[in-house]
Amino acid sequence: MKIRFFPAKERGHVTWDWLDTYHSFSFGHFYDPDLMGFGLLRVVNDDTIAPGAGFGKHPHQNMEIITIPLTGGVEHTDNTGAHSITQAGSVQVMSAGKLVAHSEVNASKTEPLSLFQIWIEPNTLGIEPRYDEKEFHPEEQKGKWQLMVSNDAREGSLMIHQNAFISMGQFKKDERLDYALHDNENGVFVMAVEGRVKIADQVLKRRDALGLSENQSFSGEALEDAQIMAIEVPLE
């Protein structure tokens with residue numbers, strides 16, 4: 001097994017008057033040639049957006065974009081006619097395809113919005129843009145992995161155009177967290193969203209992550225109550 005540690009403190013950090021964001025990989029105003037992604041995973045942004053603020057309409061092309069609100073709700077509008085407010089507990093996916101222009105704003109005028117935005121390179125270029133979202137019940141994450149994104153909508157997950165899988169789990173202190181890859185050729189980027197865990201003999205604190213490759217599974221233990229995200233992607 002190959003292991004790379006991605007400490008939370010080494011993420012890029014950008015603050016504006018309406019946005020406080022951390023970048024696991026090079027993005028926008030943050031560039032580090034040693035942090036260009038993990039396989040076909042290109043972006044893991046950890047955003048906090050001020051009430052009523054957000055990203056105005058802007059274009060994307062040939063990228064699978066996954067948004068996971070952690071608190072609050074994100075209001076999405078795009079040129080395909082999609083418009084929705086995705087609340088914490090739900091996930092949205094957007095296939096930018098040949099071209100899509102969208103906006104993302106905090107749906108609340110009084111409370112901040114926090115979310116992860118994840119970009120994964122697609123396996124097919126120039127497709128028609130598409131948008132989808134779904135609510136995922138937190139009780140389905142207790143003591144196990146809940147599959148939220150996949151290449152074929154298996155187990156009630158949202159489909160994207162890549163052999164990639166995103167799962168979330170919530171584990172009590174001392175609980176085991178065993179993960180078997182959906183494709184043994186993939187690698188997996190695993191982040192401690194909250195709490196503290198030990199995986200592959202590495203202790204992960206809040207927002208620390210590991211990139212694991214050349215393995216068919218990994219095991220770990222929650223050192224305290226923890227929420228863990230696993231992003232499994234092709235390595236090339």
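Here a student and a tutor talk through how the labels on this predicted model follow from its computed values.

Student: Let's start with the whole chain: how many helices and strands does the chain have?

Tutor: The chain has 23 strands and zero helices.

Student: And what makes the chain as compact as a globular protein of that length?

Tutor: The radius of gyration is 17 Å, and the globule rule gives 18 Å for 236 residues; the two values are close, so the chain is as compact as a globular protein of that length. As for its extent, the C-alpha trace spans about 45 × 40 × 40 Å along the principal axes.

Student: What share of the 236 residues is buried, and what share of the contacts with a separation of 6 or more joins residues 24 or more positions apart?

Tutor: Buried residues make up 50% of the chain. Residues 24 or more positions apart account for 70% of those contacts. On the outside, the chain exposes about 10600 Å², and carbon and sulfur atoms supply 47% of that.

Student: How far apart are the mean positions of the positive and negative charges?

Tutor: They are 3 Å apart, taken over 21 positive and 35 negative charges.

Student: Now to single residues. Why is Ser95 called buried?

Tutor: Its relative accessibility is 0%, and buried means under 20%, so Ser95 counts as buried. Ser95 lies in strand E9, residues 90-95.

Student: How do you know that the side chains of Ser95 and Glu64 form a polar contact?

Tutor: The pair sits at 2.8 Å, and the cut-off is within 3.5 Å for N or O atoms, so the label applies to Ser95 and Glu64. Glu64 also appears among the residues Ser95 touches beyond four places in sequence, together with Met63, Ile127, Pro129, Arg130 and His161.

Student: What does the side chain of Ser150 reach?

Tutor: One partner is the backbone nitrogen of Arg154, at 3.3 Å. Another is the backbone nitrogen of Ala153, which lies 2.9 Å from a polar atom of the Ser150 side chain. Both distances are within the 3.5 Å cut-off, so both pass the distance test for a polar contact. Ser150 itself is found in strand E13 and is buried, with a relative accessible area of 0%. Not counting residues up to four places away, Ser150 touches Ser157, Leu158, Met159, Ile160, Ala164 and Phe165.

Student: Ala153 came up there. Why is Ala153 called partly exposed?

Tutor: Its relative accessible area is 36%. Buried needs under 20% and exposed needs over 50%, so Ala153 falls in between and is partly exposed. Ala153 sits in the loop between strand E13 (145-150) and strand E14 (158-159).

Student: What is notable about the phi of Ala153?

Tutor: Phi of Ala153 is near 60°, a positive value in a residue other than glycine. Most residues other than glycine have a negative phi. Asp201 is another case, with phi near 65°.

Student: Where is Asp201, and is Asp201 buried or exposed?

Tutor: Asp201 is in the loop between strand E18 (197-199) and strand E19 (202-204). Its relative accessibility is 72%, and the threshold for exposed is over 50%, so Asp201 counts as exposed.

Student: What makes Asp78 buried?

Tutor: At 5% relative accessibility, Asp78 is under the 20% cut-off, so Asp78 counts as buried. Asp78 belongs to strand E7, residues 73-78. The C-alpha atoms of Asp78 and Val100 are separated by 7.0 Å, although the two residues are 22 apart along the chain. Val100 is also one of the contacts of Asp78, along with Met94, Ala101, His102 and Tyr131.

Student: How do you know that Ser24 is buried when Ser24 is found in a loop?

Tutor: The label rests on accessibility: the value for Ser24 is 8%, under 20%, so Ser24 counts as buried. The loop runs between strand E3 (19-23) and strand E4 (41-49). Contacts of Ser24 beyond its sequence neighbours include Arg11, Leu35 and Phe189.

Student: Last one: why is Ile65 called buried?

Tutor: At 3% relative accessibility, Ile65 is under 20%, so Ile65 counts as buried. Ile65 is found in strand E6, residues 64-71, and among the residues it touches are Val93, Met94 and Trp119.

How values were computed. Residues numbered from 1 in each chain as written. Predicted model: local features only at pLDDT ≥ 70, side-chain atom pairs only at ≥ 80, totals over all residues. Heavy atoms only, no water. Helix = DSSP H or I, 4+ residues; strand = E, 2+ residues; numbered from the N terminus. Buried < 20%, exposed > 50% of the residue type's maximum accessible area, 1.4 Å probe, protein only. Polar contact = N/O pair within 3.5 Å; in protein donor to acceptor, adjacent residues only side chain to side chain. Contact = heavy atoms within 4.5 Å. Rg over C-alpha atoms; globule rule 2.2 N^0.38 Å. Areas by Shrake-Rupley, 256 points an atom, 1.4 Å probe, with all protein chains shown as cover. Lys, Arg positive; Asp, Glu negative; His and termini not counted. Charge placed at Lys NZ, Arg CZ, Asp CG, Glu CD.
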